[in-house]
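This report describes how the parts of one protein chain are arranged and how they meet. Look over the sequence and structure before reading on.

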Amino acid sequence: MKTWHFPSYPSIISSGVAAGPFEKNSPYASSFDTFFEDLYMGEKSFEKAQRKLMETSVSSALLKAGMSEQQIDCLIFGDLINQITPSNMAARSIGAPYLGIFSACAGSMEGLALAGALIDGGYADSVLTGVSSHNASTERQFRYPTEYGGQKPPTAQWTVTAAGSAIVSSDKERNALAHIEKATIGRVQDIEVTDPFNMGAAMSLAAADVIERHLIQSKDSVADYDLIITGDLAEIGHAAAKDILSKKNIHLSSEQFIDCGKMIYQGVEEVQAGGSGPACSASMVYGYFVNELAKSSLNRILVVATGALLSPLTFQQKETIPCIAHAVSLIKPIKGGQ
Amino acid sequence: MTGNWIKQSKDAADQHEIKRPVLKNCIKAFLVGGFICFVGQVVTLILILFFPFTEQTASNPTVAIMVFFSMLLTGFGFYQKLGQFAGAGSAVPVTGFGNAVVSAAIEHRSEGLVLGVGGNIFKLAGSVIVFGVISAFFLALIKTILIQIGVI
């Protein structure tokens with residue numbers, strides 16, 4: 001499949017980010033809209049708390065856009081929990097037509113790419129897309145109980161407790177934060193990593209592959225992008241992806257090639273290699289980067305969300321970890337209409 | 001070509017992998033594990049000196065008291081932090097077993113008492129019990145045979 005070009009430049013008109021208590025330590029905390037004081041967020045379980053995160057980020061996005069739930073044509077949500085229940089439950093309370101998606105932590109950009117395609121194809125006028133992750137519900141499903149005293153290796157990553165959503169619209173009259181320009185859907189790549197505590201490394205080839213395909217198919221050069229931002233590769237995976245790209249003859253500087261997983265907890269101890277989870281890229285992109293585009297501090301960025309497609313069963317059955325990455329290029333608002 | 005990239009990517013990832021600081025972890029585990037055992041020894045001494053226990057009978061109540069301590073520490077969210085620091089030092093003593101049981105119980109409270117807590121409380125500790133019982137059985141069997149044939 002070729003890179004999708006969106007000649008109508010679907011607009012991201014609004015975004016919302018809700019985050020947990022630990023994310024207050026993030027150097028980008030000021031870009032997030034709402035914080036919860038504890039991991040339960042007034043709910044009875046972590047899964048319900050994750051649904052609440054999703055609903056809260058959606059409310060922020062709607063509020064900022066001055067829109068009501070009835071004005072949304074389609075919802076595209078995803079998360080990591082079995083059968084994406086936090087997404088499904090959030091969609092239940094909103095009531096608009098809903099597409100549930102799963103590509104693990106790459107769900108943020110899968111959702112945004114699909115939203116762009118629906119708008120550009122004329123199938124919808126406003127699409128609300130978002131993803132969520134919750135540290136405790138993810139730990140519980142994929143690893144150990146939250147209070148279990150297991151030691152994590154330095155390659156492990158910290159699942160971000162947050163939800164990020166964005167409203168994508170065809171309305172050219174409205175002020176946009178950014179426009180969706182192109183998207184490249186990734187291929188599943190498996191470099192035969194079996195350690196679920198080393199997911200960044202597992203995802204490195206998937207990220208490098210989709211970046212290479214995006215650049216070749218859209219005939220762009222590296223210099224056309226201010227930033228190429230990966231989702232949650234963290235220390236090891238990001239360094240590995242950079243090496244793989246230079247072997248593919250794509251040379252990126254460390255200022256240009258950055259990673260949300262490394263940024264979100266910069267300077268925070270106890271997170272090991274960095275952040276992870278669908279909300280890692282979603283909170284950074286919808287909270288921070290789209291606003292930088294809106295201010296014209298950035299002209300054009302390529303966001304490459306990365307996902308490890310494992311389940312607790314597959315790694316216990318000694319399967320290697322298949323990974324995916326989806327790339328979406330965003331540009332700053334086009335002034336004066338088209 | 002694809003196979004080639006898998007190999008090259010794996011090599012790149014391995015090159016950047018941050019190794020576990022094994023020596024540092026061993027020292028921390030030794031100190032924390034040793035301290036937990038020291039506390040256990042103090043509890044044993046108190047039981048022998050102030051309560052009607054002997055050196056042989058004090059070990060069971062000591063284990064129960066140590067598990068109780070670990071329950072409290074788990075409930076207040078401290079044992080997880082200790083575990084990240086100490087590794088095997090806090091996992092190997094009986095307090096680690098207590099932590100495995102209690103953390104699973106807390107975690108599954110949201111699914112109710114029977115299906116949640118009851119069904120999952122031994123999720124982590126279950127294999128310790130299973131293999132503990134199996135190895136005890138085989139050791140006892142070997143000992144019995146050795147006694148029967150007059151070796152010991």
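## Two domains and their interface

Chain A is assigned two domains: domain 1 spans residues 4–169, and domain 2 spans residues 181–331. The model is predicted. Taken over C-alpha atoms, the centres of domain 1 and domain 2 of chain A are 18 Å apart.

The table lists values for the interface of domain 1 and domain 2 of chain A.

| Item | Value |
|---|---|
| Residues of domain 1 of chain A in contact with domain 2 of chain A | 49 residues |
| Residues of domain 2 of chain A in contact with domain 1 of chain A | 56 residues |
| Area buried between domain 1 and domain 2 of chain A | about 4,400 Å² |
| Share of that area on carbon and sulfur atoms | 69% |

Of the area that domain 1 of chain A buries against domain 2 of chain A, 17% comes from A:Tyr28, A:Met109 and A:Gln157, more than from any other three residues. Across this interface the rule finds zero salt bridges, while 18 residue pairs are in polar contact, both residues at pLDDT 80 or more.

Several elements of chain A each supply at least two residues of the side of domain 1 that touches domain 2, among them strand β2 (11–19), helix α3 (107–120), strand β6 (126–133) and helix α4 (135–142). By class, that side of domain 1 of chain A has 27 nonpolar, 17 polar and five charged residues.

## A residue in helix α6

A:His238 belongs to helix α6 (residues 234–247) of chain A. Is A:His238 buried or exposed? A:His238 counts as buried because its relative accessible area is 4%, and the cut-off for buried is under 20%. Leaving aside neighbours within four places in sequence, A:His238 is in contact with A:Thr230, A:Leu233, A:Phe257, A:Ile258, A:Asp259 and A:Lys262.

Notes: Residues numbered from 1 in each chain as written. Chains lettered and ligands numbered in written order. Predicted model: local features only at pLDDT ≥ 70, side-chain atom pairs only at ≥ 80, totals over all residues. Heavy atoms only, no water. Domains from an automatic or database assignment. Contact = heavy atoms within 4.5 Å. Buried area = accessible area lost by both parts, 1.4 Å probe. Salt bridge = Lys/Arg side-chain N within 4 Å of Asp/Glu carboxyl O. Polar contact = N/O pair within 3.5 Å; in protein donor to acceptor, adjacent residues only side chain to side chain. Helix = DSSP H or I, 4+ residues; strand = E, 2+ residues; numbered from the N terminus. Nonpolar A, V, L, I, M, F, W, Y, C, P; charged D, E, K, R; others polar. Buried < 20%, exposed > 50% of the residue type's maximum accessible area, 1.4 Å probe, protein only.
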